[in-house]
Amino acid sequence: MAFDGITVAALTQELQHTLQDGRIHKIAQPETDELLLTIKTPGGQRRLYISASASLPLIYLTEENKKSPMTAPNFCMLLRKHIGSGRIVDISQPGLERIICFHIEHLDEMGDLCRKKLIIEIMGKHSNIIFCDDKDRIIDSIKHVSAQMSSVREVLPGRDYFIPDTMNKLDPLTVSREAFTDTLLAKPMPVGKAVYTSFTGISPVAAEEVCYLAGIDSNRSAKDLSEDVLLHLFNQFTIYFDDIKSGSFTPAVYYENGVPKEFSCLPLTHYSSYEKKDAVLVSSLLAAYYAEKNTITRIRQKSVDLRRIVQTALERNRKKFDLQSRQLADTEGREKYKIYGELINVYGYNLEDGAKSLEALNYYTNEMVKIPLDAAKTPKENAQRYFAKYNKQKRTFEALSELIKETRDDITYLESVGNSLDIAQNEDDLAQIKEELTESGYIRRRFTKKKVKLKSRPLHYLSSDGCHMYVGKNNFQNEELTFHFASGNDWWFHAKGAPGSHVIVKSGGRELPDRVFEEAGRLAAYYSKNRGSDKVEIDYIEKKHVKKVNGARPGFVIYHTNYSLVIDSDISALTLLES
């Protein structure tokens with residue numbers, strides 16, 4: 001979810017309760033676009049993390065400290081000079097803008113009491129941290145914005161600070177019914193989009209919630225709505241935003257299949273099917289949400305090189321497979337040349353010299369065929385020419401059949417590695433996948449021939465009935481689980497015809513309830529390429545019937561008799577244990 005004006009309102013309220021009247025003890029600038037303020041308050045020492053990153057702008061209270069550079073940047077030194085030991089006298093949000101303003105009182109060089117403003121703008125790529133005097137004149141900012149960079153507003157020392165109104169949006173906290181209705185009717189677009197593009201601080205998710213509360217399809221045009229429906233929408237809009245005016249925030253993170261999907265400081269009833277985890281403080285919500293998001297993003301970034309290696313090899317093998325398939329198709333008529341040779345040997349004795357063709361009865365099909373001949377060759381030589389062509393295509397067919405099988409196996413293997421990269425959760429997982437690719441010859445081992453010590457372990461789940469279920473996160477773990485960890489009577493699950501994890505259910509020699517099979521099937525579906533599908537076909541069988549192919553790559557198995565089930569990939573009811 002966007003860091004919208006509603007979240008900023010909730011965060012402003014929290015910071016008012018926590019930091020107001022606190023004194024700034026330390027100011028650090030860990031990164032070029034980050035600040036970390038240590039503030040002494042009556043309730044103890046608190047740290048405020050502020051990021052003006054274009055990709056992930058944030059502000060929240062945190063317990064964590066960050067290492068600062070040996071030499072403080074100029075902006076950090078300026079803040080230390082002016083507001084070091086300053087007292088936070090107020091924290092405000094203008095309207096429902098994504099802006100938080102810290103009003104700070106301090107003593108200047110002459111010992112006189114002065115006020116300054118530290119303004120944090122959480123506006124995506126336009127995010128900034130701006131330091132102003134009490135007359136809203138910019139002293140400096142963590143990012144300088146010149147006229148060449150923006151025609152709307154310069155953010156430079158000496159310029160006047162103002163909030164640009166480029167979208168002509170209305171304040172949702174003060175809008176009248178007439179203005180609300182007129183604004184929506186003036187926009188030829190879906191009503192949900194019209195709401196979030198017309199009012200300050202509203203994200204698409206919040207607009208969707210307002211439409212949901214009013215019982216309106218957000219994809220309908222506002223012009224299609226009657227006056228009564230528009231009035232009902234306005235009433236729901238007003239009720240929804242009354243919670244902001246009263247400060248009644250309920251921070252929560254919404255999870256889809258264990259992955260954080262959205263967060264909100266007001267209820268999202270249209271996400272009632274998602275798992276909801278409430279938070280007491282907005283800061284703890286933001287810290288948890290973005291920590292999980294950052295982990296996923298960081299692993300994605302760190303796996304870029306491995307993904308490129310896998311994708312390059314996949315594309316090469318798919319092109320090779322297409323070429324080999326076309327060449328194999330050219331050998332489909334090989335039997336015809338064998339028959340031609342036989343028919344020439346049988347019927348060619350009475351051919352005239354220089355004949356260019358032979359019409360003969362094909363005794364295999366009982367049909368007449370016309371066989372082209374080389375007029376310069378004898379019947380025997382023509383027969384030998386067709387036999388030679390047949391034998392050549394037969395050898396080509398046999399060789400290509402083997403090559404196509406190898407290429408298909410390579411593609412299947414690389415797709416399984418791609419799936420392993422998709423479900424990798426930490427750097428240890430990536431290290432194990434890299435080692436697997438190294439052993440398979442896709443990555444050259446450098447400097448040493450010693451194997452890397454691998455720390456990654458399979459995922460461990462507990463079923464609703466208390467059964468232990470294990471999921472391999474890559475082919476090494478799949479191999480270990482199936483052929484070294486599982487016993488003969490344990491159950492083995494895998495998504496049918498798709499790259500995915502091996503799932504082992506420890507049976508303990510007892511008969512398992514049906515629900516366990518369903519939950520294990522969901523795990524196999526979730527940790528496969530078919531994740532997210534409502535219907536995934538799963539093969540399952542006792543482990544003793546699963547066999548390894550000699551010489552096959554790790555994780556490749558065969559089985560001849562199995563059970564099947566069709567299941568969704570929702571694993572929200574399962575408990576993930578520490579490995």
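**Questions on a predicted model**

In this predicted model, 45% of the 579 residues of the protein chain count as buried.

Reader: What radius of gyration does the protein chain have, beside that of a compact globule of 579 residues?

Author: The C-alpha trace spans about 125 × 60 × 55 Å along its principal axes. A compact globule of 579 residues would have a radius of gyration near 25 Å. For the protein chain, the value is 35 Å.

Reader: How many helices and strands are there in the protein chain?

Author: Secondary structure in the protein chain comprises both kinds of element. Among contacts between residues at least 6 apart in sequence, 58% join residues at least 24 apart. The count of elements is 13 helices and 23 strands.

Reader: Does Thr-183 count as buried or exposed, and at what relative accessibility?

Author: Thr-183 lies in helix α3, which covers residues 177–185. A residue counts as buried under 20% relative accessible area. Thr-183 therefore counts as buried, its relative accessibility being 19%.

Reader: Which residue has its backbone oxygen 2.6 Å from a polar atom of the side chain of Thr-183?

Author: Leaving aside neighbours within four places in sequence, Thr-183 is in contact with Leu-170 and Ser-198. The 2.6 Å distance involves a polar atom of the Thr-183 side chain and a backbone oxygen. That oxygen belongs to Ala-179.

Reader: Which strands pair with β10 in the antiparallel sense?

Author: Strand β10 spans residues 252–256 and is mostly covered, with 4 of its 5 residues buried. One antiparallel pairing, over 5 bridges, involves residues 259–264, and another, over 4 bridges, involves residues 275–278. These partners are β11 and β12.

Reader: What are the bridge partners of Tyr-255 and Val-253?

Author: The partner of Tyr-255 lies in β11, whereas that of Val-253 lies in β12. Tyr-255 is bridged to Pro-260. For Val-253, the partner is Lys-277.

Reader: Against which elements do the buried residues of α5 pack?

Author: Helix α5 covers residues 204–213, and its buried residues are Val-205, Ala-206, Ala-207, Glu-209, Val-210 and Cys-211. Strand β11, a partner of β10, is one of the elements they pack against. The full set is α1, α4, α6 and β11.

Reader: What phi does Gly-215 take?

Author: Gly-215 comes just after α5. Its phi is positive, at about 70 degrees.

Reader: What share of the area exposed by the protein chain do carbon and sulfur atoms supply?

Author: The protein chain exposes about 30,200 Å². Of this area, carbon and sulfur atoms supply 49%.

Key: Residues are numbered from 1 along each chain as its sequence is written. This is a predicted model: local features need pLDDT of at least 70, side-chain atom pairs count only at pLDDT 80 or more; totals for chains, interfaces and linings use all residues. Side-chain values use heavy atoms; hydrogens and water are left out. Helices (H or I, at least four residues) and strands (E, at least two) are DSSP runs, numbered from the N terminus. Buried means under 20% relative accessible area, exposed over 50%, partly exposed in between (1.4 Å probe, protein chains only). A polar contact is a pair of N or O atoms within 3.5 Å; within protein, one must be able to donate a hydrogen and the other to accept it, and residues adjacent in sequence count only if both atoms are side-chain atoms. Contact means heavy atoms within 4.5 Å. Two strands pair if DSSP finds at least two bridges between them. The radius of gyration is taken over C-alpha atoms; the globule rule is 2.2 Å times the number of residues to the power 0.38. Accessible areas come from the Shrake-Rupley method with a 1.4 Å probe; for residues, only the protein chains shown count as cover.
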